[in-house]
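Student: I would like a close look at a single part of this model, namely one helix and what surrounds it. Could you take me through its packing carefully, in one connected account?

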Amino acid sequence: MSDTIQTSNSLRRLYPGTRLESTFAWPIETLDGLDSSFGVHEYLQQTIRQDRSNVQKIVELPENVDQQVWQFEQLRQVCLELSLLVVALEAECTTENCPEMKAMGWLYLCAAHPSTQSCSAIDYIIHTLDGAAMLLNNSKYFPSRISIPEPSLKHFQSIARRLYRIFAHAYFHHREIYESFENETHLYARFLLLSRTYKLISKNLETIPDDDGNGDDKDDYSRGEHSVQNDDNDTVVSANED
């Protein structure tokens, strides 16, 4: 893709019959050149396409962009890309292989049912992504793409915390799939930097080791088997790994 920066507001559309090699091959625009209510989201996707591995640049807040709007668009994009991980997991993360949603000694109960209950890992992941997408697209909480109401900011941490569990389950139970996906997308690295930059997830909830080996060790999870932690509308239970 050319690095030429365009300042004109050209149409960015995928038309029927577009060849694969021409997909998204639009001129690079400045943020000011993307003059629409979706401009921030288009700019984010453009930056990702330029270099997925440059997570620092992808997460860095652009000039003149509202910090809350940037977090909102980043979380929406993470949800979109995590759907590709679901596709990769489906053959291996079945109801038979993963009848419960577990990661690093924790059992997560799903709140997408009339009453909170355990469900298979793949169902939990799909319910989590569906719930996050519905919340982020709910005009009651997020009526605009150019400003975020103050009361709605609390949902960012809740969404990020649940999305983290998807990465954690894939890392601890489907390592080969996780590593293949991460090597291609760098999505977890981006999500982690986003979460740390805006304090979306507490450090003590980070269970996937960093590249330098930091991270909670499994031996640290010596909590009682029946201890329960209420987590908004879902429940986290300490459990021994099978």
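Tutor: A convenient place to start in this predicted model is the largest nonpolar core, which has 57 residues and in which Leu75, Leu82, Leu163 and Phe191 touch the most other members. In soluble globular proteins, nonpolar side chains tend to be buried together. Phe191 leads us to helix H7 (residues 187-197), where it is one of the residues that meet H3, and once neighbours within four places in sequence are set aside, Phe191 is in contact with Leu75, Val78, Ala160, Leu163, Tyr164, Phe167 and Ile201.

Phe191 is listed among the buried residues of H7 together with Leu187, Tyr188, Arg190, Leu192, Leu194 and Ser195, and the elements that cover these buried residues include helix H1 (39-50), helix H2 (55-59), H3, helix H5 (154-173) and helix H6 (175-185).

Of these covering elements, H3 (residues 67-89) deserves a detailed description: its axis and that of H7 come within 11 Å and cross at roughly 155 degrees. Because angles over 145 degrees count as roughly antiparallel, H3 and H7 are roughly antiparallel to each other, and their crossing is left-handed. On the H3 side the contact is made by Gln74, Leu75, Gln77, Val78, Glu81 and Leu82, which meet Leu187, Arg190, Phe191 and Leu194 of H7; by class, the residues of this contact divide into 6 nonpolar, 2 polar and 2 charged. Just after H7, Lys199 takes a positive phi of about 55 degrees.

H3 also packs against H1, with axes that come within 10 Å and cross at roughly 55 degrees, which makes H1 oblique to H3, and here the crossing is right-handed. From H1, the residues Val40, His41, Tyr43, Leu44, Gln45 and Ile48 meet Val69, Trp70, Glu73, Gln74, Arg76, Gln77, Leu80 and Glu81 in H3, and the contact of H1 with H3 has 7 nonpolar, 4 polar and 3 charged residues. Gln74, Gln77 and Glu81 therefore appear in the contact of H3 with H7 and also in the contact of H3 with H1.

Within H1, His41 repays a separate look, because at 10% relative accessibility this histidine counts as buried. Not counting residues up to four places away in sequence, His41 touches Glu73, Arg76, Gln77, Leu80 and Arg145, and of these Glu73, Arg76, Gln77 and Leu80 are among the H3 residues that meet H1.

Notes:
Residues are numbered from 1 along each chain as its sequence is written. This is a predicted model: local features need pLDDT of at least 70, side-chain atom pairs count only at pLDDT 80 or more; totals for chains, interfaces and linings use all residues. Side-chain values use heavy atoms; hydrogens and water are left out. Axes are lines fitted to C-alpha atoms, for helices over the stretch in contact, and angles run from 0 to 180 degrees between N-to-C directions. Helices (H or I, at least four residues) and strands (E, at least two) are DSSP runs, numbered from the N terminus. Angles under 35 degrees count as roughly parallel, over 145 as roughly antiparallel, 65 to 115 as roughly perpendicular and the rest as oblique. A crossing is left-handed if the near helix is turned anticlockwise from the far one by less than a right angle, and right-handed if clockwise. Contact means heavy atoms within 4.5 Å. Ala, Val, Leu, Ile, Met, Phe, Trp, Tyr, Cys and Pro count as nonpolar, Asp, Glu, Lys and Arg as charged, and the others, Gly among them, as polar. A nonpolar core is a set of buried Ala, Val, Leu, Ile, Met, Phe, Trp, Tyr and Cys residues joined through side-chain atoms within 4.5 Å. Buried means under 20% relative accessible area, exposed over 50%, partly exposed in between (1.4 Å probe, protein chains only).
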